[in-house]
Amino acid sequence: MNVIFTAVFLSSLLAIAICAPDRLLSSLLGGAENSVKMAITLFCIYAVWMGLSKLAEKSGLSKGMARGLKPLSKRIFKTGGAAANEALAMNISCNLLGLGGAATPYAVKAIGELEKEGNSYAQKLLFVINATSIQILPTTVIALRASAGSVSPSDIFLPSLLCTAVSTFLAVLLFVIGNKLWR
Amino acid sequence: MALIVPVIFIIVFAFAVIKKVNVYECFTDGIKEAFNFTVSLLPCLAAVFMMCALFEESGLSDLLTRFLSPAFAFLGIPEELTKLVLIKPFSGSGSLAYLNEIITMYGADSYIARCACVCFGSSETVFYISAVYFAGLKVKKLAVPIICVLAATFVSTVIACLVCRIM
């Protein structure tokens, strides 16, 4: 992230210094302003889902779900930790339901738990799976198409499913191979 | 499908009541965590958003779009989608705004718009996710996973443009 950030920032700085030096500060401030708007949107999403997840956690519901998914996550992520497994199970279930916003807090929690185990393989694998999007129902896109007056807003369902399956499968495959090659 | 979310909420709330959990206190506790979490994200978000704004404003993104369009066209990705494909890994809100623009410009049922929707729906904001997930952790060497994800996303974009011609 450091390398990418520095490279993009520096080259943009140079370009803007040549083309429009007076716009530099205003675009930086605009970016910062957008980040605050984004943070407010994120807080709203997290407030709803983390409030709910705390309830599921306290009542033992998420523990039950994690127990059901444990054999699977144990094989895929190679972790035995109960807290990590619980967060992993919730992350995967939210993702499959297309609730991307709800999945993120669980992923962050799972990564924190995996950090305690020193399991960086599982951390990276979880990132690969989340970053290639594994949602079954692209709710946002369908809503957007419906509001734009599409005849059948959900006819992108099958192509989306195919593409997201291909990208996740390919990324995991590449990652497992890459992990074996450069350790 | 619209019932999924209400059903999840009802199940969780009902289960909590059965298990005699203090629902209000517990829900507020969760929101407190959400608040702290959002605040801890803000520095990373601000930095990444500044970078994106600068990249856009400096004209470099337009330059890159113009430079890459022919190569994308060769792979079957319509020229109109180049910018969306480039922005998506960096910014969810930015690419959503751009997707909306494409839909209104070409019509929701056009090939371009459907293609854009599939590309958008089957990919994620890779750099944003990596910033959020690994903020403040010691994990290094993220280059390999990021490259894997970007390569796979690109392949699925090519497939998306192909599939939308048929389906």
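# Pocket, salt bridges and chain B

User: Which element gives the most to the lining of the second largest pocket?
Analyst: Eight residues of that lining come from one helix, and no element gives more. A pocket here is an open set of points on a 1 Å grid over the protein atoms alone, with protein on both sides within 12 Å along at least five of seven lines, and lining residues have an atom within 4 Å of a point. Helices are DSSP runs of H or I with at least four residues, strands are runs of E with at least two, and both are numbered from the N terminus. The top contributor is H5(A).

User: Happy to start there! What kind of model is this?
Analyst: Residues are numbered from 1 along each chain as its sequence is written, while chains are lettered from A and ligands numbered from 1 in the order in which they are written. Side-chain values use heavy atoms, leaving out hydrogens and water, local features need pLDDT of at least 70, side-chain atom pairs count only at pLDDT 80 or more, totals for chains, interfaces and linings use all residues, and the model is predicted.

User: How much space lies in the second largest pocket?
Analyst: Its lining takes at least two residues each from helix H2 (24-58) and helix H5 (100-117) of chain A, and from helix H2 (23-57) and helix H7 (126-133) of chain B. Grid points are joined across faces, edges and corners, and a volume is the space filled by probe spheres set on the points. The space comes to about 410 Å³.

User: How many charged residues are in the lining of that second largest pocket?
Analyst: There are 21 lining residues, and A:Met50, A:Pro105, A:Val108, A:Lys109 and B:Phe37 lie nearest the centre. For the classes, Ala, Val, Leu, Ile, Met, Phe, Trp, Tyr, Cys and Pro are nonpolar, Asp, Glu, Lys and Arg are charged, and the others, Gly among them, are polar. The lining has 13 nonpolar residues and three polar ones, and the charged count is five.

User: Which residue forms a salt bridge with A:Lys54?
Analyst: A salt bridge is a side-chain nitrogen of Lys or Arg within 4 Å of a carboxyl oxygen of Asp or Glu, and ten are counted over all chains. For A:Lys54, the closest N and O atoms are 2.7 Å apart and the partner is B:Glu33. This pair crosses between chains, joining helix H2 of chain A to helix H2 of chain B. A:Lys54 counts as buried at 12% relative accessibility (buried is under 20%, exposed over 50%, partly exposed in between, with a 1.4 Å probe and protein chains only), and its partner, partly exposed at 34%, is B:Glu33.

User: What is the N to O distance between B:Glu57 and A:Arg23?
Analyst: This salt bridge crosses between chains, from helix H2 of chain B to the loop between helix H1 (2-19) and H2 of chain A. B:Glu57 is partly exposed at 30% relative accessibility, and A:Arg23 is partly exposed at 40%. The N to O distance is 2.4 Å.

User: How many residues apart are A:Glu57 and A:Lys109?
Analyst: Their side chains meet in a salt bridge, 2.7 Å from N to O. A:Lys109 is partly exposed, with a relative accessible area of 35%. The pair links helix H2 and helix H5 of chain A, and the separation is 52 residues.

User: Which element gives the most to the lining of the largest cavity?
Analyst: A cavity is a set of grid points where a 1.4 Å probe fits but cannot get out, and the whole structure has one of 30 Å³ or more. The largest cavity holds about 40 Å³ and is lined by B:Leu41, B:Cys44, B:Leu45, B:Val48, B:Tyr128, B:Ala131 and B:Val132. By class, these are seven nonpolar, no polar and no charged residues. Four of the lining residues come from the top contributor, H2(B).

User: What is the radius of gyration of chain B?
Analyst: Chain B has eight helices and zero strands, and its C-alpha atoms fill a box of roughly 60 × 40 × 30 Å along the principal axes. The globule rule (2.2 Å times the number of residues to the power 0.38, with the radius taken over C-alpha atoms) gives 15 Å for 167 residues. Chain B is more spread out than a compact globule, because its radius of gyration is well over that, at 20 Å.

User: Which helix of chain B is largely enclosed by the rest of the structure?
Analyst: Of the 167 residues of chain B, 46% count as buried. In the helix in question, the buried residues include B:Arg114 and B:Phe120. Ten of its eleven residues (111-121) are buried, so the largely enclosed helix is H6.
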